[in-house]
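Visitor: I like to see how a label is earned before I trust it. Could you walk me through the reasoning behind a few of them?

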Amino acid sequence: MRVLMFGWEFPPHISGGLGTACYGLTRGLSHIPGLQVLFVVPKAYGDEDQSSIRLIGANQIPVVHRQLELKHFSKTLDYIEVESKLVPYVDPEEFWRLTRLEVAGSLKYLNTNAEGKVDFSGKYGADLMREIHDYALVANVIAQDYSFDVIHAHDWLAYPAGIAAKEATGKPLVVHVHATDFDRSGGSVNPTVFEIEKKGMNAADKVITVSNLTRRIVIEKYGIPEDKVVTVYNAVEPVEGHVKEGIKKGVDEKVVTFLGRITMQKGPEYFIEAAHRVLQKMDNVRFVMAGSGDMMEKMIRRAAQLKIMDRFHFTGFLKGDEVFNMLSISDLYVMPSVSEPFGISPLEAMQSNVPVLISHQSGVAEILTFAIKTNFWDVDAMADAIYGVLNYPGMAKMFVSHGKKEVDSLKWENSALHVKRVYDSVLKNPS
Amino acid sequence: MKTICLYFQVHQPFRFRRYRFFDIGKDHYYYDDYTNESIMNKVAAKCYLPANELLLKALNKHKGKFKVAFSITGMAIEQFKLYAPDVLESFKALAQTGMVEFLGETYSHSLVSLKDYEEFKTQVESHSALMEEHFGAKPQVFRNTELIYSDQMGEMVANMGFNAMLTEGAKHILGWKSPNFLYCNAANPRLKVLLKNYKLSDDIAFRFGNNSWSEWPLTATKYVNWIKNLDSREEVINLFMDYETFGEHQPRDTGIFQFLEHFAAEVVKSQSLSFSTPTEVAQKFQPVATVSVPHPISWADEERDLTAWLGNEMQQEAFNKLYSLLPRIKHCNDPKLMKDWRYLQCSDHFYYMCTKFFSDGDVHAYFNPYETPYEAFINYMNVLSDFSLRLKAAVPEDAENKEIIKLRELVDEKELRIKELEAALNKTKTKKTVSKKETVSKTKV
């Protein structure tokens, strides 16, 4: 079976959860005998290996086809790059970082607004629609040039490409919902994005969602029939070898960490309120909000207002080893997300032996047992849980002894098998 | 002739309210009165009252041929008094038939037997006193919380003057041996040991209403035939279960009440079967062997061990923290603190923290006020933190502190005396100079 996959990002360029998930899933799929993935990505950077054959499509869009040999894969991967300016989503901080570094100006990045969603009112808006359109055109060409059995498209920007490929060949289409605009916008949905999302889901033969939480949104808000929507949970790459020695804490104090974009979706304000409550009872604890985002200033003001800035720290955006170092000095990782389709980061914290507190409003809560869960708005419960983990060591001990094992059992190979089953089902009864 | 020993356990814990860490040191009331009262009322209406009524009728009908045994925890008795006094009355009515035996246990339904003999003894004695007060007889047979038993515990119980003890007929203890005989303790053979026939007990307690069970529906005739068809040399069938089986775990519409009624009638009618209380069993039969239980067993879960209460790190921490207070508790005589101390020890609190059954927690979820074991743990530890602060204040650690307390008491006493004297002085003053009274009160304002 050959799968034409419209995915996002590939090493070395991984900027967020979507890239990680696409990569992990593709890797998992490569372990299934008889299943081949034809991986199409929009090329956003330009420093990738150019030694492979270069194809120019009929529509003048350059397409690069290479065969990658990656150490995690059991075989080589057919990998097609489309020279498109699309990037999956850019975190605000990532966006600023990238645009600052950009010299030649040959590549344009999507303008994303405060919450990381695309702002259509600006001049980039028209560009974006053209990009999506172009990408779909290329998809059409690719679909005719290669042979495959199933089409698989990740998240809304790739849906039009998936639809185009389906129209060109009549092969079944699976769309994979990693997030909806309801998650990103907190309810005030962008109608254009909604339209593209809904079109993709309607055109699809099966819709895969990353959690039951997202599945419900797809069913209820997008009106997709229940039997068409299947949940396949994400997984996490196992940590290789033993965990590196992290930095040591300078002081004998507890550290509670929030790590992520400081945007409404992630619920940073609830973390601050909970911290405030804990600090009234304890003084040997520090809270860290790592990351950046449009709500950062507001959060700093709130923390100052609560007079907890001596114990509450903003680090700004962390990358690479800084994230690892931050986790290694943390006693608790908190993810109070308001709406999180899945949320891979708590799994990474658990791999680093850090206990996690997550909101019920995150998809990952559905599969974790060795994690404390509260509602994002229940600041009292959250504060109580934080206090409990820091003061009653029995719980942290248990999380550390069982959490890593639990996370390690979440394998991409298993998720891939579920996805394979979805492929089988659409091949059996083509609509 | 085989005899059947029916024993029912009655217990309700005092569940804690949501006690947040910011309540520590501020609010000392820990209990969720609403939940406790509504659960008690629910169980009373569905189980205790109708089941007691049925038993009373059967006891009167079969005059001396039908017998049962109960153990009722101090927690349950206290809740009867608070929320359902008619239940307590109905148990007293059962006691008056003379065919009902009340067993001894720990007052708090606690796990203290694993920790401290002295405290264990205190709790058993206060429970015995309570049983005597309400049901007119001092218990002669003992059942530990959740049928927890080991050789050492058996010996402790024998030292307290009990003749016999009940426990689980756990497979890994018995091996090829049958639970349907009387055994005795390995350390002190004078203590008889009655072993639960878990297969036949669980047929009623867990499987009765399960219509996917191959033996469903279970009729009294079928059940009695199973017992009759056991090896003819076997002597005693111990059927031990939660009293809440009747009407609560197995709802009324499964026919559980009719089953109980007909079961009693069938056995009484039969030539080869009879009923006995645990005391009678211990007197009538000769122990066939000692039963060796070096590590504690219980009647819970598949493992029949202590892991339901002390299986994970949270439970162990909570349990050890609780009993680390023991040295102070022994010097404490504040009745309010002692009451909280009794309620804190209830094994149910530890049960709520169990993580063994993340997938199918049906038994564990029963009456469980918490959504997750973590909440249960955090809540318990918050309560325990507040309690230990209060205890520390009431019973200071070292002699110096004791001295300070004594001096403070002395100062308080003296101040009280001074106030009294001042008041007396003022009285005499006002009597003498009535005209001055107004100016005095004005200056006070």
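Guide: Gladly; we will take some labels in this predicted model one at a time.

Visitor: What makes B:Arg20 and A:Asp384 a salt bridge?

Guide: Their closest N and O atoms are 3.3 Å apart. The rule asks for a side-chain nitrogen of Lys or Arg within 4 Å of a carboxyl oxygen of Asp or Glu, so the pair qualifies. Across the interface of chain A and chain B, the rule finds one salt bridge.

Visitor: How much area do chain A and chain B bury between them?

Guide: About 1,900 Å², with 66% of it on carbon and sulfur atoms. A:Asp384 comes up again here: together with A:Lys281 and A:Tyr392 it supplies 35% of the area that chain A buries against chain B, more than any other three residues. The contact takes 25 residues from chain A and 18 residues from chain B. There are also 10 residue pairs in polar contact between the two chains, both partners at pLDDT 80 or more. As for elements, H13(A) gives the largest share of the side of chain A that touches chain B, eight residues.

Visitor: Why is A:Arg311 called buried?

Guide: Its relative accessible area is 17%. Buried means under 20%, so A:Arg311 earns the word. Its salt-bridge partner is A:Glu253, with the closest N and O atoms 2.7 Å apart. The pair links distant parts of the chain, 58 residues apart.

Visitor: Is A:Glu253 buried or exposed?

Guide: Buried: A:Glu253 has 13% relative accessibility, and the limit is 20%, so the label follows.

Visitor: What makes B:Lys121 and B:Glu125 a salt bridge?

Guide: The N to O distance is 4.0 Å, and the rule reads within 4 Å, so the pair is counted. Both residues lie in helix H4 of chain B, four residues apart, about one turn of the helix.

Visitor: Why is B:Lys121 called partly exposed?

Guide: B:Lys121 has 28% relative accessibility, and partly exposed covers what lies between buried, under 20%, and exposed, over 50%, so that is its class. B:Glu125, at 46%, counts as partly exposed too.

Visitor: How confident is the predictor in chain A?

Guide: Chain A averages a pLDDT of 78, and 74% of the residues score at least 70. Over residues 44-61 of chain A, pLDDT stays under 50. Residues 89-126 of chain A are also below 50.

Conventions. Residues are numbered from 1 along each chain as its sequence is written. Chains are lettered from A and ligands numbered from 1 in the order in which they are written. Side-chain values use heavy atoms; hydrogens and water are left out. Contact means heavy atoms within 4.5 Å. Buried area is the accessible area (1.4 Å probe) that two parts lose on being put together, summed over both. A polar contact is a pair of N or O atoms within 3.5 Å; within protein, one must be able to donate a hydrogen and the other to accept it, and residues adjacent in sequence count only if both atoms are side-chain atoms. Helices (H or I, at least four residues) and strands (E, at least two) are DSSP runs, numbered from the N terminus. pLDDT is the predictor's confidence in each residue, from 0 to 100. Buried means under 20% relative accessible area, exposed over 50%, partly exposed in between (1.4 Å probe, protein chains only).
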